[in-house]
Amino acid sequence: MKPRVVAVLLMATACGGEKAPVPDSAALVAPSAPAPMSAVMIVSPAEGDTTGADVTIVLSKQGVTIEKANSTRAEGIGHHHLFLDTLATPEGEVIPPTSQRVIHIGTGDSTYTFKGLPSGRHEVIAVIGYGDHSAMPQRRDTVRFFVRR
């Protein structure tokens, strides 16, 4: 016999009748599921929608608690902010006071209506901020829509 054939036969014979031991079921550990990602989602309007001049932004959240604004900074607790046709505050920085383009929804609500928007393309960025109004990391969503009067 050739050496290669002998080696294969020896391995087959050695492994043929024995089975690998089955681990004790108590030793098996199920992999842990990843924690749900905290997020804010703009539910309405949807990306690319055409709306009238009054646009109600409807928000949803996941993995974070929305409460009235206060001065505390607690992980996973905050309130909504909207940025209309302007850049959002970078993560960790304090969101500027309410203006025509920056809206604090400090009441704990999840809706806000922009009234009388001009015709054309608009962009809204939703950001969750801590009670102290600093922007939470990775808690933002963006939607672009069109106003037609």
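## Phe 114, His 81 and the cores

Me: What makes the list of residues that Phe 114 touches?

Reply: Leaving out residues up to four places away in sequence, Phe 114 touches Ala 53, Asp 54, Val 55, Ile 57, Leu 82, Leu 84, Gln 100, Ile 103 and Val 124. Each counts as a contact because it has heavy atoms within 4.5 Å. One caveat: this is a predicted model, where local features need pLDDT of at least 70 and side-chain atom pairs count only at pLDDT 80 or more, while totals for chains, interfaces and linings use all residues. Numbering starts from 1 along each chain as its sequence is written, and side-chain values use heavy atoms, with hydrogens and water left out.

Me: Which residues touch the most other members of the largest nonpolar core?

Reply: Phe 114 is one of them, along with Ile 57, Leu 59, Leu 82 and Val 124, in a core of 21 residues. The name "nonpolar core" applies because such a set holds buried Ala, Val, Leu, Ile, Met, Phe, Trp, Tyr and Cys residues joined through side-chain atoms within 4.5 Å. β1 (39–44), β3 (55–62), β5, β6 (102–105), β8 (120–129) and β9 (135–147) each give two or more residues to this core. β9 gives the most, with 4 residues. Apart from it there's another core, of 7 residues, including Phe 83, Val 102, Val 127 and Ala 135.

Me: Why does His 81 count as buried or exposed?

Reply: Its relative accessibility is 0%, so His 81 counts as buried; the term means under 20% relative accessible area, with exposed over 50% and partly exposed in between (1.4 Å probe, protein chains only). His 81 lies in strand β5 (residues 77–84), a strand being a DSSP run of E, at least two residues, numbered from the N terminus.

Me: What makes the link between the side chains of His 81 and His 104 a polar contact?

Reply: They are joined at 2.9 Å, and a polar contact is a pair of N or O atoms within 3.5 Å; within protein, one must be able to donate a hydrogen and the other to accept it, and residues adjacent in sequence count only if both atoms are side-chain atoms. The side chains of His 81 and His 79 make another, at 3.1 Å.

Me: How is the pLDDT over residues 2–36?

Reply: The protein averages a pLDDT of 82, and 74% of the residues score at least 70. Over residues 2–36, though, the pLDDT is below 50, and beyond near neighbours in sequence this stretch has 4 contacts in the model. pLDDT is the predictor's confidence in each residue, from 0 to 100. Where it is low, the predicted coordinates should not be read in detail.
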